[in-house]
Amino acid sequence: TSTFPAIMANLANKSVMVGFNEAETTYQIWAGKGSNRDFKEAARVALSEAGNLELVPEGGQFQQDFLGEASARTKVATYGKLFSLTRQAIINDDLGLFSKIATKYGSAAKRLVNKMVYAQLTGNVKMQDGVALFDNKHGNVAGTGEALSVKAIAKAITAMRRQKGIIGEATLNITPKYLVVPPELEVTAYQIVNSTAAVDGVNSGVVNPYKGRFVVVADAELTDPDAWYLVADASQHDTIEVTYLNGVETPRLETRQGFEVDGIEYKVAFDCGVSALDFRGVYKNAGK
C-alpha cells in the first residue's frame, strides 16, 4: 500500500512531461525566456545606446554624455488543476487511460503559455509608456492594412530597420527573423519564403528577395485571418518574454493519497508569466 502511490506518482510525472513536450505549440520558436526568483513583480531594465561621438576641435572640450534607460515589468503566477482517481478506477484501467489523462494536463500547461504569448500580440497590451504595443507612436504598425505580399513585407522591414534606440540617437537597423501568421495565411507565407520568383501575381520572372529569409510561424491562436506580424530574434532584441519561476520551464505534479475516498489525488501546477518587453522588435500589419 505504501509503495503504490509512489509508483503511480512517478508514472503520472512522466506522463505529464510527455504531454508538455509533445504539445503542438509555436511560442517556443520565437518568444524569449526569462526567470524570476519569486512571485513579486520584477523589472527588466535596458540601457539606452550611447550618444553619438562628436568632433573635438584642437583645444576644445569633450562633451558629457548621459545614458538613458527603459524598463518593463514581469510577474510569475501559478496556474493549475486537480484531478483524482479512485483505487477501483486505477486497478480496472486495462486500456491505459490513466497515463493519457496525465499527459493531457501536461499538454494543457503548454497550451496555456502558447495562448498567453499570442494574447500579447492580439490583445495589443499597454506598454510601460502607457501606449499600446502596436501603435503609430511606436512606429511598428502599418497605417493601412495590406495583404501579405513581398511589397507589404518590404514596408514592414523598412519600418523595423528605422526604429530608433531608447534616447533616439541610434538607428537600430532591426532585421526581422520570424514571419508570424494565422493558419489562413500559412500557405501564402511559405510561398513567399520558399518561391524562387516573386509571388505578387505580376512580374513572375522577378527574383524573390525574401526566399529563405524568414522562419514561418503559423498558429491558430491568431484568430484574425488577415493580420500578420514580423518579429525579431529575441536573443538580439527584446520582444515577448515567457518568464518562469527560478528557471523551471515545465509543470510540476504533486500527489496525495486519499483517506476519505480510497484513491489518489493529483495536482498539476505551472508557475509562469508572459510580458511584452519592447515594441521595437515586433511589427503588425492588419492585412485586408
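A pocket, as the word is used here, is an open set of grid points where a 1.4 Å probe fits, with protein on both sides within 12 Å along at least five of seven lines. Its volume is the space filled by probe spheres set on those points. With that in hand, we can walk through this predicted model, starting with the smaller of two pockets before turning to the chain as a whole.

The second largest pocket has a volume of about 300 Å³. Its lining is made of 14 residues, and those closest to the centre are Asn52, Leu53, Glu54, Gln63 and Asp65. By class, the lining of this pocket divides into 6 nonpolar, 5 polar and 3 charged residues.

The largest pocket comes to about 560 Å³. Here 31 residues form the lining, with Ala46, Asp238, Leu277, Asp278 and Arg280 closest to the centre. If you would like to find this pocket by its strands, look for β1 (32-36), β2 (42-47), β3 (69-74) and β8 (240-245), each of which supplies at least two lining residues. The biggest share comes from β2, which gives 4 residues. Sorted by class, the lining of the largest pocket holds 13 nonpolar, 9 polar and 9 charged residues.

Now step back to the whole chain. Its secondary structure comes to 6 helices and 11 strands. Of the 288 residues, 41% are buried. The exposed surface of the chain is about 16100 Å², and 51% of that area is supplied by carbon and sulfur atoms. Contacts often span long stretches of sequence: among those between residues at least 6 apart, 77% join residues at least 24 apart.

Helix α6 (residues 186-194) is a good place to see how burial is arranged. Its buried residues are Ala189, Ile192 and Val193. Viewed down the axis of α6, these buried residues fall within an arc of 95 degrees, so they line one face of the helix. What do they pack against? The partners of the buried residues of α6 are α5 (150-161), β5 (176-181) and β6 (215-218).

From β6 we can follow the chain into the loop that leads to β7 (228-232), where Leu222 lies. Is Leu222 buried or exposed? The cut-off for buried is under 20% relative accessible area, and Leu222, at 4% relative accessibility, counts as buried. Setting aside neighbours within four places in sequence, Leu222 is in contact with Tyr118, Thr122, Val180, Val181, Pro182, Pro183 and Tyr229. Leu222 also gives an example of sequence distance set against distance in space: Leu222 and Ala119 are 103 residues apart in sequence, yet their C-alpha atoms are 8.4 Å apart.

Finally, two asparagines deserve a look at their backbone angles. Most residues other than glycine have a negative phi. Asn124, though not a glycine, has a positive phi of about 50 degrees. You will find Asn124 in the loop between α4 (97-122) and α5. At 26% relative accessibility, Asn124 counts as partly exposed, a class that sits between the buried limit of 20% and the exposed limit of 50%. The other asparagine is Asn246, whose phi is also positive, near 55 degrees. Asn246 is placed in the loop between β8 and β9 (252-257), and β8 is one of the strands that help to line the largest pocket.

Technical notes:
Residues are numbered from 1 along each chain as its sequence is written. This is a predicted model: local features need pLDDT of at least 70, side-chain atom pairs count only at pLDDT 80 or more; totals for chains, interfaces and linings use all residues. Side-chain values use heavy atoms; hydrogens and water are left out. Buried means under 20% relative accessible area, exposed over 50%, partly exposed in between (1.4 Å probe, protein chains only). The arc is that of the directions from the helix axis to the C-beta atoms. Contact means heavy atoms within 4.5 Å. Accessible areas come from the Shrake-Rupley method with a 1.4 Å probe; for residues, only the protein chains shown count as cover. On a 1 Å grid over the protein atoms alone, a cavity is a set of points where a 1.4 Å probe fits but cannot get out, and a pocket is an open set with protein on both sides within 12 Å along at least five of seven lines; lining residues have an atom within 4 Å of a point. Ala, Val, Leu, Ile, Met, Phe, Trp, Tyr, Cys and Pro count as nonpolar, Asp, Glu, Lys and Arg as charged, and the others, Gly among them, as polar.
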